[in-house]
Amino acid sequence: MTARMIDKVWTGIFYAVAAAVIGLLMFFFAVVLSKGAGFWQPEFLFGRPSNTQAGGGIGPQLINSFYMLVVTLLLSVPLSLGAGIYLAEYAKQGRIVGFIRLCLETMASLPSIVVGLFGLLAFVTLTGWGYTLLGGALAVTIINLPGLTRICETAILDVPANIKEGSLALGATRWQTLVKAVLPAAIPQIVTGVILSAGRIFGEAAVFIYTAGLTTPMLRWDADWGSQANPLNVFRPAETLTVHIWKLNSEGIVPDAKLIAAKSAAVLMVAVLLFNLAARLASSLLARHFSGGRRARRGRGERSKAA
Amino acid sequence: MHTKRRNRWLEEYIGRTFAVICGWLIVLITVTMIIFLAVKGIQSFTDSGLSLSDMLLSMQWDPNGTPPKYGALIFIVGSMLVSLGALLISAPIALALAIFMNFIAPKWFVSLLKPVLELLVGIPSVVYGWLGVTILVPLLREWFGGSGFSLLAGIIVLSMMILPTITSIAADALANVPMTYMEASYGLGSTRWQAISRVIVPAAKAGIATGVVLGLARAFGEALAVQMVIGNTIKLPSGLDSPTATLTSVLTMDMANTINGTPWNNALWTLALILLLISFFFIAVIRLVGPRKER
C-alpha cells in the first residue's frame, strides 16, 4: 500500500470513530428518554415517593438536589473565587504556591467516595449532626473547589494586562483594580464555569451516600424552622435524586422501582442538557455584554474552556 | 481625604486577607483529609491487631467467619483489572478523537463533537450505571450466559466514563505542538498520517500520557457505576464474564452496615486509606510524566 492510501484509510477510521461517539451519545439519550417516558408529569416530578405501592414520585429528592446545589454554590463560589484571586494576584510564585497547587491537585484527584468517607468522619460523626444536607454540601464543596478555583484563576489571568495597568495607573489600589476592572472582565468565563460545575454537583452521588444520607423526612412547607420536616432546614437528612436512583437499583422494594429509576435517570439527563445549554447561553450573552472590541481575547477564552 | 484614603487601604487589607485565607483553606482541608483518613485507616493495625501483610496479600475476606478474615487482595486486583481494562478500550479511541479534532475534522464537525464530549462528561455516574444495568447487563447475559453482572460490564461502563477525560487532555496536548512541526513534516514530503503518527503524536506524548493516567485514576476511584454492574462477588474473576468486586464497590456496600470501631469497620477504613494512597501514586506519576508547565 502506498503512503497515500494508508493516509486515506486512517482518515476514514478517524471519521468512523468520531461518528460512533456521536452516535453513542444519541443512543444514550434515546434509551433514557424512551425508557423514562412520562418523567415530565407533575405528579411524578413533585409527588411524594411511596415505599410499598407503585406510582410514587420524586418530589422530595428533586427539592433536595436543587437545595443541595444552591447551598453548595453559596459555599464554594466565594471560597474558590478567593483562592483563585490569591493564586492569580497575590501569591508569590515559589515554594508556597507550589504547595497550594499540589494540594489542589491532590483534592482534584481524590475519588469522590473517599471525600464522602472523610465527610462521614468530619461532618457526620465528629460534629454529631448525623446525616445532614449541610454535611453533604460541605463534602461536595471539597470536590468542587479545585476545579472552580482553577476556572477563577484562569479567568482572572486571561484579563489583558492593560486593563489592570490602566486602573493601577489611575491610582487605584490592587483590590479596587481587581473588583472594579479585572473581575467584570473575567465574569463571563467565571459564570460559565460555575454553571458547568453546577451540573457536576447535581450529578454527584457517591459523596452524598455517607454525608446526606439515604432518607428524607416527610417534608412540609408549614413546618417550624428547627423541624426536620422543614424543607429549608439544612440540618436534616436529604436523599438526592442521584442517590435515589442508586438506592432503587440496589435495594428498591417498590413494585415499579425500575420505572421510577428510568424516569429519574431521564430527569437527570434533561438537567445535564439544560445546564450545558445554560452555560453556552450565559457565555455568549455575557461575552456580548462585556465585549468592547475584545474579540481576540474571547477566542482564547474558548480554547481554555475546552481544557 | 484622609479617611477616604484610610478606607481604601482598609479595603485592600481586608480583600487581600480574604484571598489569602481562601488559599490556605485549601491546604488546611487537604491536610485534614489526609490526617483523618490515615488515623482511621491504621486503626486496623493499632486497635484490631490485623497484620498489614494479611491485609495486602491475602485473598480471604470473610468478616463473618470464625476467625474473621480481612484480606483485601481481591478488591485491589479487581480495581486494577477493571480500570486497566477500561483504559485499554478507552485510550485508543480517545487518542483517535483527539487527533481527529485537531488535524482532520472540518470545523463544523468539531463544533458538533465538542458539545457531545461535554455532555458525555456531564452525564452523572449513576446514569451510566443505570444504562449498564438496563442495556449492557441483559446483552452480556444473552451473549455469555450467567447473570451478566461481570468484570466486562464494569470495564465497558468505565471506558465510556473516562473517554471524554482522556480525549480533552490529549487534544490539548496535541494542540500545543507547534504548527511548524507539521509544516516541516509536510515540507519533507510526508502525508498527513505520516506527519501525525511520526511527528505530532511523539511530540505530544507527555501530555497524552497525563491524560491516560488521569483516566486511569478516575476509573480507579469511580464507585457507584461500577458497583451497580460488576456483581460484587468476593472472588477473583475467572474470566471477563464473571463477577468480582472492587475497593470502591465493597466500600459502597458495606460501610453503612458495619458498626464504628469494630474490626470489620476498621478494615473498611483501611481500604479507603489504600484508595487514597493509590490516588497519591497517580498524582506522583502525573508529576513525573507530565509536560513542564510555563505560567
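Trainee: How many residue pairs are in polar contact across the interface of domain 1 and domain 2 of chain B?
Mentor: Six, with both residues of each pair at pLDDT 80 or more. That floor applies because this is a predicted model.

Trainee: What makes a residue pair count as a polar contact?
Mentor: An N or O atom of each must lie within 3.5 Å of the other, with one able to donate a hydrogen and the other to accept it. Six pairs across this domain interface meet the rule.

Trainee: Which elements of domain 1 of chain B give two or more residues to that side?
Mentor: They are α1 (2–41) and α2 (43–46) of chain B. The largest share, five residues, comes from α1(B).

Trainee: How do the residues on that side of domain 1 divide by class?
Mentor: Five are nonpolar, four polar and two charged.

Trainee: How many salt bridges does the rule find between the two domains of chain B?
Mentor: Zero. A salt bridge needs a side-chain nitrogen of Lys or Arg within 4 Å of a carboxyl oxygen of Asp or Glu, so no pair across this interface qualifies.

Trainee: How do you know that the two domains touch, with their C-alpha centres 33 Å apart?
Mentor: Contact is judged on heavy atoms within 4.5 Å, so the distance between centres does not decide it. By that test, 11 residues of domain 1 of chain B are in contact with 10 residues of domain 2 of chain B. The two domains bury about 850 Å² between them, 67% of it on carbon and sulfur atoms.

Trainee: Where do the two domains of chain B begin and end?
Mentor: The assignment gives domain 1 as 1–48 and domain 2 as 60–287.

Trainee: Now the two chains. Why is the pair B:Arg287 and A:Glu105 called a salt bridge?
Mentor: The closest N and O atoms are 3.0 Å apart. The cut-off is 4 Å, between a nitrogen of Lys or Arg and a carboxyl oxygen of Asp or Glu, so this Arg and Glu pair qualifies. The count between chain A and chain B is two salt bridges.

Trainee: Which helix of chain A gives the most to the side that touches chain B?
Mentor: Helix α1 (residues 3–35), with 21 residues. By class, that side of chain A has 61 nonpolar, 14 polar and eight charged residues.

Trainee: What do carbon and sulfur atoms give to the area buried between chain A and chain B?
Mentor: They give 78% of about 7500 Å². A:Phe14, A:Trp175 and A:Trp246 supply 9% of the area that chain A buries against chain B, more than any other three residues.

Methods. Residues numbered from 1 in each chain as written. Chains lettered and ligands numbered in written order. Predicted model: local features only at pLDDT ≥ 70, side-chain atom pairs only at ≥ 80, totals over all residues. Heavy atoms only, no water. Buried area = accessible area lost by both parts, 1.4 Å probe. Helix = DSSP H or I, 4+ residues; strand = E, 2+ residues; numbered from the N terminus. Nonpolar A, V, L, I, M, F, W, Y, C, P; charged D, E, K, R; others polar. Domains from an automatic or database assignment. Polar contact = N/O pair within 3.5 Å; in protein donor to acceptor, adjacent residues only side chain to side chain.
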